[in-house]
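Trainee: I have a model open and want to work through it with you. Where should we begin?

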Amino acid sequence: KVFSIIEANNVNPLMHLAFTLKNSGKLFYDHVVLFSSNINFNDATGKVYINHNENLTHILENRDKYIKPLQDRGIKVSLSLLGNHDKSGVANLSDETIRYFAQEIKKTCEAYGLDGVFYDDEYSAYTNPIPIGFVAPSNQRVAMLMREVKRIMPNTINMAYVYSRTGNFGGANA
């Protein structure tokens with residue numbers, strides 16, 4: 001499988017339809033990941049939420065133009081989620097916050113007809129002391145979030161960028 005993780009700020013996802021294999025005519029890309037929406041914390045509500053910048057919002061809100069043509073040709077489309085320089089991230093959510101945020105992910109995937117989620121732990125600013133609703137960041141917390149999303153959306157693709165706390169989930173080399 002060939003994945004393309006595109007910066008939604010300056011790449012039209014439809015460009016993936018232009019790359020085909022010479023002999024078969026099959027599309028080169030199997031999966032496009034839209035990079036990136038953010039997990040953010042709202043101080044007023046005390047909840048985490050998904051934030052899309054204006055460029056990604058445009059792609060998502062125009063799914064019939066930018067996403068559906070890819071899916072119609074067999075390309076899966078997923079949304080990347082990463083921290084945004086605040087105290088929330090994919091690696092420090094409490095059990096209750098995981099359940100809540102998984103529902104937010106589900107709403108987003110369903111609203112835009114997305115095939116999956118790509119978790120990234122690059123730009124979170126985990127704080128100490130640990131804020132209410134959060135726990136110490138760990139790769140186990142990311143795995144728990146992914147497991148909860150898979151539980152409530154069993155047909156959704158869950159992927160992790162191998163970086164920071166999304167880089168090792170306790171395998172043989174842990």
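**A buried serine and its surroundings**

Mentor: Start with a polar contact (N or O atoms within 3.5 Å; within protein, one must be able to donate a hydrogen and the other to accept it, and residues adjacent in sequence count only if both atoms are side-chain atoms). The side chain of Ser 78 makes one with the side chain of His 31, at 2.7 Å. This is a predicted model: local features need pLDDT of at least 70, side-chain atom pairs count only at pLDDT 80 or more, and totals for chains, interfaces and linings use all residues. Residues are numbered from 1 along each chain as its sequence is written, and side-chain values use heavy atoms, with hydrogens and water left out.

Trainee: Is Ser 78 buried or exposed?

Mentor: Place it first: Ser 78 sits in strand E4. Strands (E, at least two residues) and helices (H or I, at least four) are DSSP runs, numbered from the N terminus. Buried means under 20% relative accessible area, exposed over 50%, and partly exposed in between (1.4 Å probe, protein chains only). Ser 78 has 0% relative accessibility, so the verdict is buried.

Trainee: Which residues does Ser 78 touch, not counting those up to four places away in sequence?

Mentor: Contact means heavy atoms within 4.5 Å. On that basis, Ser 78 touches His 31, Val 32, Val 33, Leu 34, Asp 115, Gly 116, Val 117 and Met 159.

Trainee: Which element gives the largest share of the largest nonpolar core?

Mentor: A nonpolar core is a set of buried Ala, Val, Leu, Ile, Met, Phe, Trp, Tyr and Cys residues joined through side-chain atoms within 4.5 Å. The largest has 38 residues, and Leu 34, Phe 101 and Leu 145 are among those with the most contacts inside it. Elements giving two or more residues include strand E2 (31–42), strand E4 (76–83) and helix H4 (95–112). The largest share, six residues, comes from H4.

Trainee: Which distant parts of the chain does the pair Lys 87 and Asp 43 link?

Mentor: Their side chains meet in a salt bridge at 3.7 Å, N to O. The term means a side-chain nitrogen of Lys or Arg within 4 Å of a carboxyl oxygen of Asp or Glu. The partners are 44 residues apart: Lys 87 is in the loop between E4 and H4, and Asp 43 is in the loop between E2 and E3.

Trainee: How many helical turns separate Arg 151 and Glu 148?

Mentor: This pair also forms a salt bridge, at 2.8 Å, N to O. Arg 151 is exposed at 57%, whereas Glu 148 is buried at 13%. They are three residues apart in helix H5, so the separation is about one helical turn.

Trainee: What is the phi of His 85?

Mentor: His 85 lies in the loop between E4 and H4. Its relative accessible area is 56%, so it counts as exposed. His 85 is not a glycine, yet its phi is positive, at about 65°.

Trainee: Which residue does Asn 128 join through a cis peptide bond?

Mentor: A cis bond also joins Phe 35 and Ser 36, with omega about -5°. Ser 36 is in strand E2. For Asn 128, omega is near 10°. The partner, in the loop between E5 and H5, is Pro 129.
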